[in-house]
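Work through the exercises below with the coordinates open, and compare each step with the solution that follows it.

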Amino acid sequence: MSDIAAAVDGRELWRALGRSGRVEKVYAGTDVCRERLADLVRELDGGHPTGPVLAVCPQLAVALPILGAVSSPVAATAWRSAVAGDGMISVAATDDGAAGSDLMGLRTSARVTESGVTVSGRKRWIASAQFADWHLVLARHSDRDHFTSFTWLLVPAGAPGVRVVPAGTDFFSGGGVGHLQLDDVRLPRDHVIGRIGYGMALFARHLSTERYLSATWAAALCRRAVGATRHRAAARRVRDEPLWRHDGVRERLARCLVEIRKLDALCAGVAGGPDGPPAPVDGMVLKIAGADTVATVLDVCAQLWGADGFGDAGMQRLRAEAAMFGIAGGATEALLAAVADRLPELLEVTP
């Protein structure tokens, strides 16, 4: 068994991916190759539970592209270590001081001087927080309610004042999900990542890659769920006839496959686009489509599993964990509102 297949949590999985050279292959220089990223997440979904895959995805799609986009010795050191599998970097954006999708309302603060920076605040529901060697923290350096009031900081996990508390959930086992506490953490000035005030712009640029990855993973997860449900329906018998032969079961799973193929087509269209992160609106549409597809498909699959779906390896657990596709990376409702704001101009665009 390979080290990748044997990995039991996100830390082991990342180490195996890095040391096998699989992480480095995702990047052309420091830019993400979207097709290779999609191939990797499909492979990971086929061989690992949700938690470990969740632990590595933000690092692949957001942390490493952000660090690679800036000119900084500290960022370059962390980037090289992570790509080699020797270190992990959490993406600490979601804030205790604001609703999950309201990044403009986050209250984690950074006091920046010429000699250093002091960061204080709370970050919640951070994937791989318990494994991370560094936390890439989005903080507010200005009280102004403006897009330019935010900056990224690279915070060593062992710095005084840094504490990670396990999230206290039975979901996403092996994902290292935790809450990050930052109490007057003092850092050298070179731990500021990118230019002061460009944190939100840098995040917005690379968040669309994470949303592309999310949709690709959603399609892979749904395909796996439908396959498992079809196999189970073929093995179960109702009055001496396989459950799979019942028209209602066949029709419901066929409709699920149609939804998956729609999502596949959307992902393929974005994957074949120009180099660099997808357009923000493409990322939002993919994220919404992925969340909707997961909700539709997993509802059907979980229902068809019957009472067995509530077992330890049943479909109901996967269904519950898959609800994250409608929350992580931007709640579906918030993204729909953003798409609605651009509806007139988007209606004029021919795909």
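**Exercise 1.** State what share of the residues of the protein counts as buried.

*Solution.* Of the 351 residues, 52% count as buried, where buried means under 20% relative accessible area with a 1.4 Å probe and protein chains only. The model is predicted, so that local features need pLDDT of at least 70 and side-chain atom pairs count only at pLDDT 80 or more, whereas totals for chains, interfaces and linings use all residues. Residues are numbered from 1 along each chain as its sequence is written, and side-chain values use heavy atoms, with hydrogens and water left out.

**Exercise 2.** Identify which residues touch the most other members of the largest nonpolar core, and which helix gives the most to this core.

*Solution.* A nonpolar core is a set of buried Ala, Val, Leu, Ile, Met, Phe, Trp, Tyr and Cys residues joined through side-chain atoms within 4.5 Å. The largest one holds 92 residues, and Ile-89, Trp-152 and Leu-298 touch the most other members. Helix H7 (residues 199-235; helices are DSSP runs of H or I with at least four residues) gives the most to this core, with 15 residues. A second, separate core of 17 residues includes Val-119 and Leu-187.

**Exercise 3.** List residues that Leu-298 contacts, leaving aside its neighbours within four places in sequence.

*Solution.* With contact taken as heavy atoms within 4.5 Å, the partners of Leu-298 include Leu-221, Cys-222, Ala-225, Met-315 and Arg-319.

**Exercise 4.** Find how far apart the mean positions of the positive and negative charges are.

*Solution.* Counting Lys and Arg as positive and Asp and Glu as negative, without His and the chain ends, and placing charges at NZ, CZ, CG and CD respectively, the mean positions of the 39 positive and 39 negative charges are 2 Å apart.

How values were computed:
Buried means under 20% relative accessible area, exposed over 50%, partly exposed in between (1.4 Å probe, protein chains only). Helices (H or I, at least four residues) and strands (E, at least two) are DSSP runs, numbered from the N terminus.
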